Amino acid sequence: MIAIDMHVHPGTKEYLVDAGGKYLADALAYFHKKDAVVSVETMAKHYRDLDMVAVLLAWDTETQSGLPPVTNDYIAEIVKNYPESFIGFASVDPWKGKIAVAELERAVKTLGLKGLKLHPIAQAFYLNDRRFYPLWESCAGLKIPLLVHTGTTGVGAGVPGGDGLKLKYARPIPYIDDVAADFPDLTIIGAHPSWPWQEEMLALAVHKTNVYIDLSGWSPKYFPPSLIRYANTMLQDRILFGSDYPFLSPERWIADFEKAGFKPEVRQKILLENAKRLLGL
Ligand SMILES: [Zn+2]
């Protein structure tokens with residue numbers, strides 16, 4: 001295994017079409033990936049050929065979008081069929097309240113999923129809203145990381161009104177910062193370079209050691225210098241490779257990463273070692 005890709009969506013119809021609706025149709029157009037739908041077999045072969053393991057993410061925006069989720073059972077089934085290629089992260093819709101908490105417990109204890117992925121913009125909620133604190137308590141109790149989208153998003157991008165989605169929910173401070181402060185035992189991964197709040201995310205990760213950053217969704221070619229500087233120094237043990245497949249391919253990401261100014265001694269930590277430690281592998 002040469003790398004762990006910490007941020008991978010199923011490139012299948014179940015995610016891109018059924019659960020994604022107009023939101024992901026617009027995301028695919030925004031990323032110039034109109035014909036992205038593949039089979040699970042193709043996706044597994046893609047990662048096997050690259051000698052990488054992919055962290056595969058469920059998706060549930062039902063309250064906000066009215067669309068069906070990519071269920072935790074669907075992700076668990078893929079992991080069961082391709083254990084050499086995939087590790088599964090659950091998703092729940094925070095607005096489902098007690099049902100969401102119970103579903104998370106089931107997804108981890110019964111289905112064997114290893115983390116929780118949330119998208120505050122697509123799910124239209126603030127992380128620091130006290131109504132959702134039982135979910136963060138549950139994550140901490142289950143000892144699983146919380147992977148949370150930060151910064152702007154391809155979802156609903158490039159159309160008038162952004163499909164009605166609001167970017168405010170994905171600001172690191174105060175939303176992630178509050179939860180990181182209130183749950184020091186909870187590991188939180190801020191997904192993506194957090195534009196336009198990159199400096200906030202870096203400050204938050206420097207201040208709180210339970211906070212990690214995944215670098216998915218952007219080619220390293222476009223990373224701001226501050227992100228590369230902190231990845232090379234103070235944050236080198238808490239920065240993680242992620243592609244955001246199928247929107248960005250892992251091979252394109254790695255090719256651009258090699259040229260982006262990361263120190264050779266830090267490279268292996270970002271691609272593999274930090275994720276291994278985080279996932280307890
Ligand atoms: Zn993503």
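**A parallel five-stranded sheet and its surroundings**

Strand β4 (residues 116–118) and β5 run parallel and are joined by 3 bridges. The model is predicted. In this pairing, K117 stands opposite L147 of β5. On its other pairing, β5 meets strand β6 (residues 188–191), again in the parallel sense, over 4 bridges. Here L146 has I188 of β6 as its bridge partner. From β6 the pairing continues to strand β7 (residues 211–214) through 4 bridges, and these two strands run parallel. A191 is matched with D214 of β7.

Together these pairings belong to an open sheet of 5 strands. Its order is β4-β5-β6-β7-β8, with parallel pairing. β4 and β8 (239–240) stand at the edges. Each has a single partner strand, so one side of each is left without a neighbour in the sheet. Strands of a sheet pair through backbone hydrogen bonds, either parallel or antiparallel.

Side-chain directions were examined for two strands of the sheet, β5 and β7. In a regular strand the side chains alternate between the two faces of the sheet. In β5 (residues 146–149), L146 and V148 point one way. L147 and H149 point the other way, and all four of these residues are buried. β7 follows with V211 and I213 on one side and Y212 and D214 on the other. These residues of β7 are all buried too. D214 thus appears twice: as the bridge partner of A191, and as a buried residue of β7.

Helix α10 (residues 198–207) begins with Q198. Its buried residues are Q198, E200, M201, L202, L204 and A205. The cover over them includes α9 (172–182), β6, β7 and α11 (225–232). Q198 has a relative accessible area of 6% and is therefore buried, the cut-off being under 20%. Leaving out residues up to four places away in sequence, Q198 touches P193, P224, S226 and L227. Two of these, S226 and L227, fall within the range of α11.

The loop between β6 and α10 holds two backbone features. H192 lies in this loop. Phi of H192 is near 75°, a positive value in a residue other than glycine. The relative accessible area of H192 is 5%, so H192 is buried. P196 is found in the loop between β6 and α10 as well. The peptide bond from W195 to P196 is cis, with omega near 10°.

The loop between β8 and α12 (250–258) also combines a positive phi with a cis bond. D244 is found in this loop, and phi of D244 is near 80°. With a relative accessible area of 7%, D244 is buried. P246 has its place in the loop between β8 and α12. Y245 and P246 are joined by a cis peptide bond, with omega about 5°.

Away from the sheet, helix α2 (residues 21–30) has Y23, L24, D26, A27 and L28 as its buried residues. α1 (13–19) and α4 (62–65) are among the elements that cover them. Just after α2, H32 takes a positive phi of about 55°.

F132 lies in the loop between α7 (120–123) and α8 (133–142). F132 is buried, with a relative accessible area of 4%. Apart from neighbours within four places in sequence, F132 is in contact with P94, W95, F125 and Y126. The C-alpha atoms of F132 and K96 are separated by 9.8 Å, although the two residues are 36 apart along the chain.

Over the whole protein there are 13 helices and 8 strands. The radius of gyration is 17 Å. A compact globule of 281 residues would have a value near 19 Å, which agrees. Taken along the principal axes, the C-alpha atoms fill a box of roughly 45 × 40 × 40 Å. Of the 281 residues, 59% count as buried. Contacts between residues at least 6 apart in sequence were also sorted by separation, and 81% of them join residues at least 24 apart. The protein exposes about 11,400 Å², with carbon and sulfur atoms supplying 56% of it. There are 30 positive and 33 negative charges, and their mean positions are 2 Å apart.

Conventions: Residues are numbered from 1 along each chain as its sequence is written. This is a predicted model: local features need pLDDT of at least 70, side-chain atom pairs count only at pLDDT 80 or more; totals for chains, interfaces and linings use all residues. Side-chain values use heavy atoms; hydrogens and water are left out. The radius of gyration is taken over C-alpha atoms; the globule rule is 2.2 Å times the number of residues to the power 0.38. Buried means under 20% relative accessible area, exposed over 50%, partly exposed in between (1.4 Å probe, protein chains only). Contact means heavy atoms within 4.5 Å. Accessible areas come from the Shrake-Rupley method with a 1.4 Å probe; for residues, only the protein chains shown count as cover. Lys and Arg count as positive and Asp and Glu as negative; His and the chain ends are not counted. The place of a charge is taken as NZ of Lys, CZ of Arg, CG of Asp or CD of Glu. Two strands pair if DSSP finds at least two bridges between them.
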